[in-house]
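User: I am new to reading pockets and ligand contacts, and I would like to learn how one goes about it. Could you take me through an example?

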Amino acid sequence: MQAKEHWEKVYSTKAADAVSWFQTHANISVGLIKDTGVSRDASIIDVGGGASTLVDDLLAEGYTNLTVLDLSAAALAAARVRLGEKAAYVRWIEADVTKANLPGHQFDIWHDRAVFHFLTTPEDRAAYVQAVFRSVKPGGHVIVATFAEDGPDQCSGLPVMRYSPDELHAEFGESFSLLRHQKEAHHTPAGKVQQFVYCYCRIINS
Ligand SMILES: C[S@@+](CC[C@H](N)C(=O)[O-])C[C@H]1O[C@@H](n2cnc3c(N)ncnc32)[C@H](O)[C@@H]1O
């Protein structure tokens with residue numbers, strides 16, 4: 001099954017709050033985004049945001065320039081329905097991040113929780129890093145969360161990569177400066193605990 005087919009099926013057959021990665025509030029992500037110190041009109045993209053509640057939390061915090069990108073139309077539709085009228089304040093992009101034609105140097109913050117770890121080939125990871133480098137402003141902020149070294153080896157039935165902070169940073173390379181990392185013991189709706197690692201990098205101004 002193609003990746004898009006897989007994700008459309010997941011979001012068409014499961015409630016958004018029943019999937020293993022569901023968070024009532026994306027507290028660590030919101031904290032890292034606020035700690036960057038960007039202004040409330042900074043351009044923020046949540047890549048592979050799916051039906052995540054992060055966008056709700058960011059709107060509630062007063063952020064006004066938000067984009068959510070995801071492979072799955074069903075995931076984006078679930079988020080829009082939940083947000084109701086507020087969905088009109090968000091840009092929604094249905095695309096594969098490794099192939100999307102994102103605008104150049106557009107974003108102040110790139111956020112990804114649980115998407116990069118699905119990229120199991122060096123080619124896809126290189127395309128992802130190129131997309132970050134191309135579409136984030138020089139000096140911009142990059143927050144990527146994946147399963148940690150002691151996290152599961154599958155997510156949504158698909159194989160994933162697991163990373164230490166240094167390994168994750170190494171995927172991005174020397175143009176990215178690793179400023180902070182943080183673990184999360186995520187409690188799934190089914191009661192399991194999954195270890196995530198969040199890396200916060202800045203693109204080095206050249
Ligand atoms: C495990 S979910 C995480 C969703 C969300 N970030 C969260 O934390 O709740 C992974 C998401 O990545 C999306 N996805 C997977 N591969 C993708 C790709 N190549 N490009 C864009 N989105 C992708 C899926 O549709 C799904 O919504």
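Analyst: We can begin with one contact: a polar side-chain atom of Arg113 lies 2.7 Å from an oxygen atom of the ligand, and a polar contact is a pair of N or O atoms within 3.5 Å. Taken alone the ligand exposes 600 Å², of which the protein buries 96%, with accessible areas coming from the Shrake-Rupley method with a 1.4 Å probe. This is a predicted model, in which local features need pLDDT of at least 70 and side-chain atom pairs count only at pLDDT 80 or more, while totals for chains, interfaces and linings use all residues. Residues are numbered from 1 along each chain as its sequence is written, and side-chain values use heavy atoms, with hydrogens and water left out.

User: Which residues have a backbone N or O atom that lies 3.3 Å or 2.9 Å from a nitrogen atom of the ligand?

Analyst: For Leu71 the distance from such a backbone atom to a ligand nitrogen is 3.3 Å, and for Val97 it is 2.9 Å.

User: How many residues surround the ligand, and which are the closest?

Analyst: A residue is counted if one of its heavy atoms lies within 4 Å of the molecule. Here 19 residues surround the ligand, and the closest are Tyr11, Gly48, Asp70, Val97 and Arg113. By class, this shell has 11 nonpolar, 5 polar and 3 charged residues.

User: How does one find empty space, and where does the ligand sit?

Analyst: Rolling a probe the size of a water molecule over the atoms shows where empty space is left. On a 1 Å grid over the protein atoms alone, a pocket is an open set of points where a 1.4 Å probe fits, with protein on both sides within 12 Å along at least five of seven lines. The ligand sits in the largest pocket, meaning that more than half of its atoms lie within 2 Å of the grid points of that pocket. The volume of this pocket, the space filled by probe spheres set on the points, is about 880 Å³. Of the 41 lining residues (those with an atom within 4 Å of a point), the closest to the centre are Trp7, Leu71, Ala114, Val115 and Phe118.

User: Which element supplies the largest share of that lining?

Analyst: Helices (H or I, at least four residues) and strands (E, at least two) are DSSP runs, numbered from the N terminus. The largest share, 5 residues, comes from α1.

Terms used: A polar contact is a pair of N or O atoms within 3.5 Å; within protein, one must be able to donate a hydrogen and the other to accept it, and residues adjacent in sequence count only if both atoms are side-chain atoms. Ala, Val, Leu, Ile, Met, Phe, Trp, Tyr, Cys and Pro count as nonpolar, Asp, Glu, Lys and Arg as charged, and the others, Gly among them, as polar.
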